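The following exercises concern a single protein chain. Each task is followed by a solution that proceeds step by step.

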Amino acid sequence: MIKLSMSIKNFTILSFISLYMLLYGIWFFCIDSSRIDNYAEVLFPWIIAALLIQLCCFILIKKVSMIDVGLWFLLLSYLFMYGYLFIDFFDLQSSLLWTPIKEYSQSILFNSASFVNLSLNMFSLGYLLLCKNDRVSSPVQHEQSDLCDIKKYRVGILLCIIGGICQLITSLTLITVTQNAGSYTAYSQAASSGLIDDVSFLFVPGAIYILTSKKLNGSKALIFTGIIVLYFSMIMLLSGSRKTQVFGILAVALCYLYTYRPPKFKLYKKLLIIIVGIIFLNMIYVIRENRMNLSQVVPAFLTSLTNFDFFKNLIPEILAETGITFCSVASVIQCVPKIFPFEYGVPILRSVVSILPLGWLMPDFFVKASTTTTINSYLELPVGASLFGDFYWNWGMFGIVFSFIFGIILAVGSVKLYKKSNEVYFSIFYIILIGVRAGVFEIARPLFIVVFVPWLFNAIMRSRK
C-alpha cells in the first residue's frame, strides 16, 4: 500500500513537471529571442508557474521537512537566479551601483533564464522521484546512544578546534586587509584557496556534530548556536564578506531548530525567529550598502535598528544582491561555444583532482577548472559562478540532463546519509547550499574535507578503542 501510494505521488509529480516542460519547450523553440525587448516581462509568468508547481510537489505532495536540502537548494536558486528578473518585472529600485546585468543583451538573458528554468525543473524532478519524505520525520536513534553521542561530541570538539583555528586565521587576515584598505574591494588580496582556508570549512561541521550529539541541554545549545551566529555576523560586519558565512549560519541554525525542537513551538518563539530573521536580512543589506567604507558598517547597522527605514528597501536590495549570481550563467552562455568550446566534463574532472593538495605542483592544470578564472576573467566581470553555469559550460543545453542527475544523486545521498548520521547530512547540507552561488571547483574540496576528516577521526577513535 505504501509503495502504491509513493508510486501515485511520483506519477503525479512526473505528470506536472513533464507537462510544464513540454509546454515551455514548445513555446521556447517557437519564440524568436532576438526580438525580445524585455526578457523579464516575457518570462515572469512561466517562472512563477514553475515555482508554484515545484513548491506544490515538494510541500503538498512529498511533504518534505523544513530541513530538506533539496527544498532549500530550490528556494535559494530561485532567489539567486531570478533576483533581477523580479526587479525588472515589478520595476523595483535598488541603490546597488554595480549592475552587471546591463552588460548582456535581452536575448542572452532570455536564453540564460530559460536554461536555468529547465535545469531547475529537471533538478526537482530527479530529486523528488528519489526523495523519501519520511527520512527526516524524527531524529536518528542509535543503539547504545550514550556511547555514540560521546564519540560524536568528541569528534565535534576536534573539528571545532581545528576548523576554528583555521577559520580564525583566515577571518583575521580578511578583516585586517579589508579594514586597512577601508573597503571590501581589498577582499581579493586576502582571499586564499590554500590548505588553511580549506580546513576552516570544518568549523561549521564541528558545531553540527556538537549539536547533534545532544550532550548540550536546550539552553546551552541555544547559547552555543547564538555564539556561532554572532561570530559569523561579526566577520561579515567587519570584513564585508558574506560568501560562506550566511550558509554557515543557515546550516547551524536549522540543525539546532531540528535537533532541539520543542514538542510545541509557541507563538512568541515563532515571532522571535521572524524578528531575528528580519534583523539579519537588514544586516546583510547594511553591509552591502557600506562595504566600500567599512568603518560605517557598524554605526549604520545600529542606526537602522532605530529608524526602520530598511523595511522599504529590504526586498529590492536583497533581490539585487543575490541576482548578480545569475550573471554567471549569462556569461557562460554568451561565451560558450562562441569564444570557449564545450568542455564535456573536463573541468569537473579537474575539480575532482583538486581534492588533492597539488595546486603548487600543477598550477596551470586547475586554471580552467572554474568559470571564475576562465570566462569571468575574459569578460572582466567578477560575477562568481554557479552549478548551472558549469552544467552549460560542459554540455550546453544537454546540461539540463545533468541537472536531473544531480537531483537524483542529491536525493539518494541525502536519504542514505541521514539514515546513518544526521550530522553528516547537515555538514553536506552546508556545502551544497554554497553551490547555489559557486561552481563544482569551489565546492569539491570543501565537500571532501567535511566528509573525509570526520570519518577519519571516527576511524581513529574506533581503532584506539
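**Exercise 1. State how much surface the protein chain exposes, and describe its overall make-up.**

Solution. The protein chain exposes about 22,100 Å², of which carbon and sulfur atoms supply 68%; accessible areas come from the Shrake-Rupley method with a 1.4 Å probe, and for residues only the protein chains shown count as cover. The model is predicted: local features need pLDDT of at least 70, side-chain atom pairs count only at pLDDT 80 or more, and totals for chains, interfaces and linings use all residues. Residues are numbered from 1 along each chain as its sequence is written, and side-chain values use heavy atoms, with hydrogens and water left out.

Next, consider secondary structure. The chain has 20 helices and zero strands; both are DSSP runs numbered from the N terminus, helices being H or I of at least four residues and strands E of at least two.

Finally, consider burial. Of the 465 residues, 51% are buried, that is, under 20% relative accessible area with a 1.4 Å probe, protein chains only (exposed is over 50%, partly exposed in between).

**Exercise 2. Locate T325 and V436, and determine what each of them touches.**

Solution. Begin with position. T325 lies in the loop between α13 (310-323) and α14 (326-335), while V436 lies in the loop between α19 and α20.

Then examine accessibility. T325 counts as buried because its relative accessible area is 7%; V436 is buried because its relative accessibility is 3%.

Now list contacts, meaning heavy atoms within 4.5 Å. Beyond neighbours within four places in sequence, T325 is in contact with F80, M81, V383, A385, S386, V436 and R437. With residues up to four places away likewise not counted, V436 touches F73, L76, S77, F80, M81, T325 and S386.

Lastly, compare sequence and space: V436 and W72 are 364 residues apart in sequence, yet their C-alpha atoms are 9.9 Å apart.

**Exercise 3. Identify which residues have the most contacts inside the largest nonpolar core.**

Solution. A nonpolar core is a set of buried Ala, Val, Leu, Ile, Met, Phe, Trp, Tyr and Cys residues joined through side-chain atoms within 4.5 Å. The largest such core has 134 residues, and Y39, Y82 and L85 have the most contacts inside it.

Take L85 as the example. Leaving aside neighbours within four places in sequence, L85 is in contact with Y39, A40, L43, F44 and I47.
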